Structure formats: C-alpha cells, structure tokens
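Work through the exercises below with the sequence and the structure in view. Each task is followed by a solution in steps.

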Amino acid sequence: MKKTAKALLKFIDESQTAFHVVETIENDLKSKKHQELKEDEDWKIEANQKYYVKRADASIILFTTPKNFSNKTTYKIIGAHTDSPSLKVKSNPVSSKEGYQLLNIEIYGGVLLTSWFDKDLNLGGRVYTENQKGELESHLVRLPYKLRIPRLAIHMDRGVNQEGFKPNPQTHMFPFMGLGKEADFESILQKQLKIKDKIMSWDLYMYDTEPCSLGGMNEEFIYAPRLDNLASVHASLVALTESKNSADDIMMASYFHNEEVGSSSQNGAGSNFQEATLRRINAALGKTESEMYETISKSYFISADMAHAIHPGYTQVHDVNHKPEMNKGPVIKSNANVRYASDGLSIAKFKQWCNAANVPYQYFNISNDMGCGSTIGPMTASRLGIPTIDIGNAMLSMHSIREMAGTEDHKLIIDVFKEFYK
Ligand SMILES: [Zn+2]
C-alpha cells in the first residue's frame, strides 16, 4: 500500500506544472520503450506496440496496441487532467511598491486563495526563446528562488477570525520577489536557462516548495499539492504501463491540460486531441469511418478525477446517503443534470471491474442545495459518443495548495484500473 503511495509522492514532487507532468510521464514512457508519434508526421501503427503523442507540451495520450487487430478490438481509455489551480505569471511580471519587488500574477482556475498565503512558493513552467538564427525554442524551467505572499498580522486585522479572511486577488495576491528596484525578469530567466538568447514569452505558474509526505498515526493520509488530479494521472499511468498488451484491445490513457479553466483550449479535453488521435489510429490501420464508429460504440472511457470526502466539521454539505470516506475505495460520481457522465450502463460495467479486482466502491451524488462540480467526463462522452463513467478517490482540501487523500485508496484504484486494462 505505502510503496504505491510513495511512488505517487515522488511523481508529484517531480511534476510541478502541467508541462513538468508531461515531461515526467514522457521520461517514464521512454524508459518503457514507448515510441513517440508526432502530430505533424504520418503515423504507422503496428500490433503489439506501445506509443504516445503529445500536444502543446502539456497534454499527452499514451496507448498500447493489441497482439491482433480484429473486429473484437475496442478502446479502453482512462482520462484525467494534468493541470491544477495555481497562480500564473502575467505578461508584464514585475512591479515595485513600498520598497518590495512584487510578482504580478493571475488566478488560474478555482484556487482556494487563502491557502497560498505564508507558503514558500516556487515558479516554473515553459519559456520560449529566439536563437541567433531567428528560430523559436521551448525550454522547461524551475526557478530556485522561494517567494512568499505574506498575511497581515492579526494586530492589524483584529476581526479576521470572526469575519473571515477575504483576500482581494488583485490587491493582496502579490508574491514578494525581494527588496529594492524592479528586477529584469527576462534576465532572471536567461540566467536560469544559462543562455543569452532572447526571451520571447512564457507560461509560468507558482507551486508549493514543500515535498509531499504521508501523515496520520498510521500513515493513512497522503499530504501533497496537486492530488487533484495527479493522483488519477499517476494511478492510470502505473496501471497502463504495468499491464501487458491486450489480446484484442487498444489500452489508452489521455491526460489533458486546462480542465481547471473549462477545457476549451488547443490541448484541453474540449479540443479535438482525443478524437483526432482515434481517427489517426483508425486511418493508420486502414479502417473505414464506419468501422471506427463500430469500435467506439463498443469502447469505454473512465473519466478519473478526485471526489469530495466527508469532512466531520462540515457534514451538512453532503447528502446524507452519499458521504465518501477515505481508504474505502473509488467513488462513483453521478449527477441528474449530467455534470458527471456516469449512467446505468457505465456504472454497472465499472462495478464488475471493482468486483473482479476485489475493490470496494462508494457513491457520490451532490446534496440538492449545492452546485455540482464537473469533469472532462460529459465533454468526452458527448464528443466521442463513448460510454463513460466519472469516478475518483475521496479527498479533502480540494484546490488548496496542500491537499489530503487516503494512502490505501491509491493502491485500490490502481487495482481496478489494472482489471479494466486486462
Ligand atoms: Zn480535478
């Protein structure tokens, strides 16, 4: 149990931004002999092989092909997202005020703002440079400096514990870079990249510097940033890469950027990345469009994203019969208004895999007086016309800089995913 959870801690510690998530996955796939397919090249797909394709450095789809392609072949896909709520660096990033150098950031996704104060923050992501020949080059970067967004002392904010801490995202959320005049941000990046090429642009995000750990008296908890949704990414990655190629099926895991901001981007789940990949595999196998839709109708998509565990201090926010607990197995998420994609057929099939893997499962439906979150599930189901379920492990502190989940759950969900990929 703990070995599996510790592998997740290492994965998250290495994967600070969506770009680094894809880099970590790609390094793992290369070591396991997956071949890269490029979107701007022709694809040759053979039986009994392992492949992956990336888009815009922050999304990646990996798959293995069956020993034999036949009319029994289906797609078995697990989807998740590579991004997490964060603070993104603006285009004119540095300002100075009252003797401090400040970093200008935008809020990326549904950040639990208060959790980002008084934490040691780092900065990283992707930078584009222009070389001597006028060519653009992309670089991944992590800056080594610890930055801070400090709270106001309670002496100057006496009512804060009664009235609540309500930070203004424009006027209070400035990571402090140092003292003195405004630093030249481009030369900071050049220094870190050890290059003199011109800095053209960046996609840089803040992240927590504190390493992940196990906690609780029996190490029953995982304490980590970005568990939503790197826990689901890691679980499906482990399940797929540790599974043998199937006799009949194409086993796939698809990881998308920008779920936290609605998935409508070049490489979000609302893009054509998933569909284009299926179409290109189909074309490379010399199959007709009709055959592709025959295959898709028999296929299955698991949308894996984290679920809300019951919090003993706030039991009123859960429906009385739907209170997921940690370390009690994956949560099947359903919603009458289809904010989750699960339906009768997809739930029944998923329960069969849980039963076969001897893994318990739980249910989540929202309390009727609360708004329901959503996932990539409904989007992929409607776009592809593929039977889809929404599931995920129970966690607390979702969208806090530091989240919390169950140690045993991680192994349990991997066991179900392995059964799915059998
Ligand atoms: Zn999520």
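**Exercise 1: a helix on a sheet**

Task: Find the strands that helix H10 (residues 407-420) lies across, and its angle to S20.

Solution. Helix H10 lies across S11, S12, strand S19 (394-396) and strand S20 (403-406). H10 runs at about 60 degrees to S20. Helices (H or I, at least four residues) and strands (E, at least two) are DSSP runs, numbered from the N terminus. Axes are lines fitted to C-alpha atoms, for helices over the stretch in contact, and angles run from 0 to 180 degrees between N-to-C directions. Contact requires C-beta atoms, placed from the backbone, within 7 Å.

The model is predicted: local features need pLDDT of at least 70, side-chain atom pairs count only at pLDDT 80 or more, and totals for chains, interfaces and linings use all residues. Residue numbers start from 1 along each chain as its sequence is written.

**Exercise 2: the sheet**

Task: Give the strand order of the open sheet of five strands, and its edge strands.

Solution. The order is S11-S12-S20-S19-S15, with mixed pairing; two strands pair if DSSP finds at least two bridges between them. Strand S11 (213-215) and strand S15 (307-308) are the edges, each pairing on one side only. S11 pairs with strand S12 (residues 221-224) in the antiparallel sense, over three bridges. Ser213 has Tyr223 of S12 as its bridge partner. Helix H1 (residues 2-14) also lies across S11 and S12, at about 5 degrees to S12.

**Exercise 3: two domains**

Task: How many residues of domain 1 are in contact with domain 2?

Solution. An automatic or database assignment sets the bounds: domain 1 is 2-84 + 225-420 and domain 2 is 86-208. 14 residues of domain 1 are in contact with 18 residues of domain 2.

Definitions and conventions. Contact = placed C-beta atoms within 7 Å.
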